Structures are given as structure tokens and as C-alpha cells.
Amino acid sequence: MRWIFRFALPAFLLVIALFTILYIKFAQIWDQYNAPAYAWVSLQNTLRGSHLDNPPPITGKVEDKVVVMAKVENEDTEWVAENLADWQHAIYTVNPSPNSTNNTLTTPLNKGHESMAYLTYIIDHYNSLPLTLAFIHPHRRGFSAAWHTDTPLHDNVDALRTLRLPYVQENGYVNLRCNWNPGCEIPHRKNKHINREVWRNVFAGASKASFTQPDYVPGEVGAACCAQFAVSKDRVLERPKSDYEGFRKWVVDTDLNDAQSGRVLEFLWHVVFGMEAV
């Protein structure tokens, strides 16, 4: 019987260790996906047969605000016109086919994920920007596809309908995700995407290459994911048009691939629009 006890303790400790690791990982995902709120609101909607998390359209003239997004050609973005009629829409198709109409907005290159569309809109409309610009993804909602949208049902319609436009004007830049996980928690602030070389290449020649000195590189860079944010016209215009052209040129010229270059900009949008590195 001794051999049973001899192996029982190590086995027990191993089980405890594995359970602890799984618990930590599960807790991170639970927080990241805001699973409790999603489950609770979904249950309420199912029982009532209606969408509870459906705030009324926000105020402000249509011409004063715009939704900008990138999409692949087969993605359905009809929800934008149906639910955000009080916003202008700039929806860029990054992979247009020969059958695309002349009215289809396109990007110079399918690279950098959403960044190519975001920068192209700013460059093309620099002299006629609306007061508020919201940059979002083409999927409306969903627990898996849109988990990073910070509303109970991960719904971009709800996110924009509850957006406080005066706060955007006051603050200049607003990340549409308030949850720091992932992207802004302390362990995330030193990441493989933003290193000294990448930082200097992205901001090379920019009017605000750093916060104080041209050769400045921050020790940490952190921002809540995932490249969905709102900015004011005034904040965009704090940089000359040439800066945005330079950022887009970096996306085009870099050896980093589509996903990698897009991830770099995801961690730098707040810096581009005048916020601190963390």
C-alpha cells in the first residue's frame, strides 16, 4: 500500500497545479469576453422575446459624424445602413472584384487589416472631415466574432448609440473598449509588436515622432484592443495630412504581413491621436 501513498501526493499536487492553470486561463477569458453580462442579457432577451440592450439613436446631425470600416467583399454590412442611419457611412472593400460597382469604396492595397481603410479615409477627406469619426469593424455583434465590442451583447450598434459625442469632442480620442483585457494590463504592455525599430519606422518623419524628443521610444505601450475607437475632427487635424500619408506608406512598404502590420497600428492608434503610450 505504501506505493499508493507514494504516488498519491505527487498526483494530487499535479491535479491542483493543472486546475490552477486552467482556472487562471478561464478567468482571463471570462473577463475578456465579459461572459456574465453576455449570458445574462441574452437570457433576458430570450425570455422576453425582444432586444433589451437597444438604446435610441444618439443626437447630432448626420453630416457631423461618420462610421468608417474595412470589409472583405462578401461580408454583410447592411446592418450599418439599417441601424445607423443617423451616421454617414464610409465602408471600404479591401478586396474588390472586377464586378464591383463604381460606388464601391476601395483601399490602395489589402494590407494592414483595418488600418488601410482608416488611414485612407482620413487622407481622402482631410479637408472635409465631420466633427466625430468612429472607426469600427464590419461585424455587428456575436460572442465569438465581436467579443471585443464592449457592450453586453458585443454589439457595435449599441456601442455607437451609447457613444457620448460631447465626451469625444472633449477628450479627442476615445477607445470604444473600456476593458483593459487584453492590451493594456501590465503584462501586455511589453509586446512583440512594438519594439524600438518598429516605433521609429512608423513615426519616421512624422510631425510628432515622439512626445518630447525625435528619438524617444517608450518603455511600454498599452491600449485596450482591438482597433475600434472614436476621434474628433480637431484631434485628427493636430497632425498634418502628410503624417497619415506616412503611416499608410509604412503599412504598404513594411516587410510585416497583413496581420502583423495591422496589429502594430492597433497598439499605436492612441499614440497617433495624441495620447500617452499607456
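In which helix is the place of Arg 200? Arg 200 sits in helix α7, residues 196-202, where helices are DSSP runs of H or I with at least four residues, numbered from the N terminus. The model is predicted, so local features need pLDDT of at least 70 and side-chain atom pairs count only at pLDDT 80 or more, while totals for chains, interfaces and linings use all residues. Residues are numbered from 1 along each chain as its sequence is written, and side-chain values use heavy atoms, with hydrogens and water left out.

Arg 200 is partly exposed, at a relative accessible area of 36%; buried means under 20%, exposed over 50%, and partly exposed in between, with a 1.4 Å probe and protein chains only. Its C-alpha atom is separated by 8.5 Å from that of Tyr 216, 16 residues apart along the chain.

Turning to the interior, the largest nonpolar core has 43 residues. Such a core is a set of buried Ala, Val, Leu, Ile, Met, Phe, Trp, Tyr and Cys residues joined through side-chain atoms within 4.5 Å. Tyr 244, Leu 268, Trp 269 and Phe 273 have the most contacts inside this core, and helix α4 (residues 115-124) gives the most to it, with seven residues.

Helix α4 also packs against helix α9 (residues 241-253), at an angle of about 155 degrees and with axes 9 Å apart. Axes are lines fitted to C-alpha atoms, for helices over the stretch in contact (heavy atoms within 4.5 Å), and angles run from 0 to 180 degrees between N-to-C directions. The two helices are therefore roughly antiparallel, a label for angles over 145 degrees.

Technical notes: Parallel < 35°, antiparallel > 145°, perpendicular 65-115°, else oblique.
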